[in-house]
Each structure stands twice: as C-alpha cells, then as structure tokens.
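The following exercises concern salt bridges, nonpolar cores and helix packing. Please work through each task with the sequence and the coordinates at hand before reading its solution.

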Amino acid sequence: MELRQLQTFLTLSEFNSFTKTAFELGYAQSNITAQIKQLEQELGGQLFNRLGHSVTLTEKGHKLVPYATKLLALSKEAIATIAVSPHNIISIIASESLCTYRLPLLLGSFRQNHPEVEFHIQLLNNEDFYDSLVTGQADIAYTLQQQVSQPYVKELLTSSEIIGLYAIPEYPLAKKKSLTTLDFNGIPLILTGSGCCYRAALLNELLISNVIPNIILETSSLQVIKEMTLNGIGVCVLPQMAVIKELKEGKLIQLPYEMNYGFTSRLMIHKDKVRSTSLQDFIDFARIALHSSSIC
C-alpha cells in the first residue's frame with residue numbers, strides 16, 4: 001500500500017470519475033486504473049462499484065476512507081516536522097570535572113542566543129564514551145584524556161589541562177620545596193573513582209616506585225573530595241579547574257610534585273555523525289568560547 005495509491009483512492013472517491021481524477025492528479029487514466037486495481041488486490045476486494053462512466057464506493061471502500069485520510073495526514077505532518085523543523089536537542093557525555101566547571105558557563109552562554117536548543121547531559125567514565133558515540137547515545141563527548149586512538153573518533157577541539165596534587169597550606173608535605181613519589185608513602189590519598197584517568201596515572205607512578213597507595217576515600221563527587229581535603233584529612237589529585245577558587249582564596253595549595261601526564265580536554269564526535277544546524281552552531285561556539293586549538 002503506497003501513499004500515492006491512497007491519494008488516488010481518496011481523489012477518486014471524491015470525484016467518482018476516473019477521467020476527472022486523472023485530470024486532477026495529472027496522471028494518465030490508465031495509471032489511475034492500475035493504481036486502484038493494485039490497491040484492491042492488496043486489500044482483497046473491490047473498493048469501487050464501476051457503473052458505466054461513474055464509480056461509487058463499496059462497503060470496503062467506505063471503511064478505507066478514514067484510514068487513508070489519517071495515513072496521508074500523518075505523512076504530511078512527518079514531512080513538515082522533519083523537513084522544516086531543526087533538530088534542537090544536543091546530547092553530551094562528559095567527564096564530571098568538565099561538566100561541573102566548564103559546561104555550565106558554556107551552555108548558558110550558548111543558550112542566550114539559542115534558547116530553542118535543549119541539552120541532554122550524562123556523566124560517564126572516560127572509557128565509556130567510545131561506545132556512546134558509536135551507538136548514537138550521545139552526539140558529542142567532552143572528556144579529559146591523555147590520547148585518543150579510535151579511528152572513528154574525530155576530535156573537534158582540544159585544550160591542555162593541568163593536573164595537580166592539592167592540600168591545605170598547613171599540611172606537612174606543603175612545607176617541602178619539591179616532592180617525589182617516595183614522599184607519598186603512607187600519605188592519605190583522597191581520590192576519584194577507579195575509572196578516572198588521572199587517578200590511574202598517579203597510582204601507576206606510585207606503584208613503579210614501590211609506594212603502596214594509602215587510599216582513605218574514593219568517590220566520584222569532586223565536591224566531597226575537596227571538602228575532605230579542605231579539612232586536612234589528606235591529599236587529593238584533581239584538574240586545576242576544579243580548585244581554582246580554593247587556590248585563589250589560599251585555602252588549598254598545589255604541592256610541589258611534577259605531574260607530566262599530558263592530559264587534554266577533548267570535544268569529540270563520531271566521524272560519520274550527521275551534524276544538525278544546532279549541533280554545528282554549538283561546535284563553532286565552543287571552539288571560540290573555550291579558546292581551544294581546533295583540529296577539525
């Protein structure tokens with residue numbers, strides 16, 4: 001059952017004439033006859049009584065009218081919605097630090113000129129974003145990574161990030177001019193969850209030096225990590241963006257430990273992702289607002 005056949009059926013039911021229907025739709029009369037016959041074969045019975053040069057609906061034809069009308073109306077509605085209306089929902093998966101300290105200002109500024117755009121945001125571990133981009137669960141990913149090697153991932157923009165170890169100014173380690181991994185032997189560590197890339201990098205450095213990490217708390221909540229650290233309970237490792245306020249206020253200091261991990265915040269998309277107008281507008285806006293190096 002084709003939409004054009006239903007349109008022909010409804011027009012014929014209105015004009016009750018193959019000749020007038022052909023003229024109205026711009027078809028040859030033989031084409032109108034063929035379409036109706038195909039429709040009747042598919043539905044298993046006659047839709048019209050052929051009475052000389054005039055035709056009238058059969059009982060089966062009367063039953064088809066409301067369904068044909070609904071199907072054609074739905075078709076027109078779908079075309080109007082999809083062809084005319086822009087896609088105004090952008091789905092983002094993001095690392096918690098970026099979602100907390102970068103995205104709010106970015107999205108708020110963007111929506112000042114694009115109030116029609118909605119954002120659906122989900123927090124994920126860094127190792128999970130690949131699947132989300134492949135399955136289409138997310139339009140773009142905004143994560144903190146050392147490197148990206150997946151061939152289907154296209155990096156839209158990047159920015160180097162500082163990862164540091166932080167403690168209160170009165171903490172014993174804060175009094176030293178420089179620190180090595182051995183200085184952290186027995187030191188209470190307040191860390192992010194096991195899926196965090198910079199946590200993994202720090203623990204790897206400690207283990208290489210045969211330092212057994214003294215992890216007293218691990219949580220995905222950056223605020224909990226900061227509050228514990230602010231109360232002198234231990235040392236935390238976080239992106240600098242998460243503690244800028246506390247550093248400026250002198251409540252926390254960065255410990256003199258060199259962390260050359262090469263972490264970069266990356267806005268990424270599947271290379272074959274079809275970009276809606278709204279999505280492309282957001283990417284263009286983010287490139288400028290984040291002052292990142294574009295490589296798309």
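A salt bridge is a side-chain nitrogen of Lys or Arg within 4 Å of a carboxyl oxygen of Asp or Glu. The structure is a predicted model, in which local features need pLDDT of at least 70 and side-chain atom pairs count only at pLDDT 80 or more, while totals for chains, interfaces and linings use all residues. Residues are numbered from 1 along each chain as its sequence is written, and side-chain values use heavy atoms, with hydrogens and water left out.

**Exercise 1. Salt bridges**

Determine how many salt bridges the rule yields, and characterise the pairs D284 and R287, R50 and E40, and D272 and K271.

Solution.

Step 1. Applying the rule gives a count of 13 salt bridges.

Step 2. The side chains of D284 and R287 meet at 3.2 Å, N to O. Both residues belong to helix α11 (residues 277-289), where they are three residues apart, about one turn of the helix. Helices (H or I, at least four residues) and strands (E, at least two) are DSSP runs, numbered from the N terminus. Accessibility is classed as buried under 20% relative accessible area, exposed over 50% and partly exposed in between (1.4 Å probe, protein chains only). D284 is partly exposed at 30%, and R287 is partly exposed at 23%. Elsewhere, salt bridges with shared partners join K245, E249 and K251 into one network.

Step 3. For R50 and E40, the closest N and O atoms are 2.9 Å apart. R50 lies in strand β1 (residues 48-51) and E40 in helix α3 (residues 29-43), so the salt bridge ties together parts that are 10 residues apart in sequence. R50 is partly exposed, with 32% relative accessibility, whereas E40 is buried at 9%.

Step 4. D272 pairs with K271, with 3.2 Å between the closest N and O atoms. D272 is exposed at 54%, and K271 is partly exposed at 47%.

**Exercise 2. Nonpolar cores**

Which residues have the most contacts inside the largest nonpolar core, and which elements give two or more residues to this core?

Solution.

Step 1. A nonpolar core is a set of buried Ala, Val, Leu, Ile, Met, Phe, Trp, Tyr and Cys residues joined through side-chain atoms within 4.5 Å. The largest has 36 residues, and L165, F184, Y198, V235, L238 and L255 have the most contacts inside it.

Step 2. Two or more residues come from each of β7 (163-167), β8 (188-191), α8 (197-208), α9 (222-230) and β10 (235-239). With six residues, α8 gives the most to this core.

Step 3. Contact means heavy atoms within 4.5 Å. Leaving aside residues up to four places away in sequence, L165 touches F184, L202, V235, C236, V237, I253, Q254, L255, Y257 and M259.

Step 4. A second, separate core of 23 residues includes A94, C99, F110 and F119.

**Exercise 3. Helix packing**

Describe how helices α1 and α2 cross, and identify the residues that make the contact.

Solution.

Step 1. The axes of α1 (residues 3-15) and α2 (residues 18-25) come within 9 Å and cross at roughly 130 degrees. Axes are lines fitted to C-alpha atoms, for helices over the stretch in contact, and angles run from 0 to 180 degrees between N-to-C directions.

Step 2. The crossing angle makes α1 oblique to α2; angles under 35 degrees count as roughly parallel, over 145 as roughly antiparallel, 65 to 115 as roughly perpendicular and the rest as oblique.

Step 3. From α1, the contact is made by Q7, T8, T11, L12 and F15, and from α2 by F18, K20, T21, E24 and L25.
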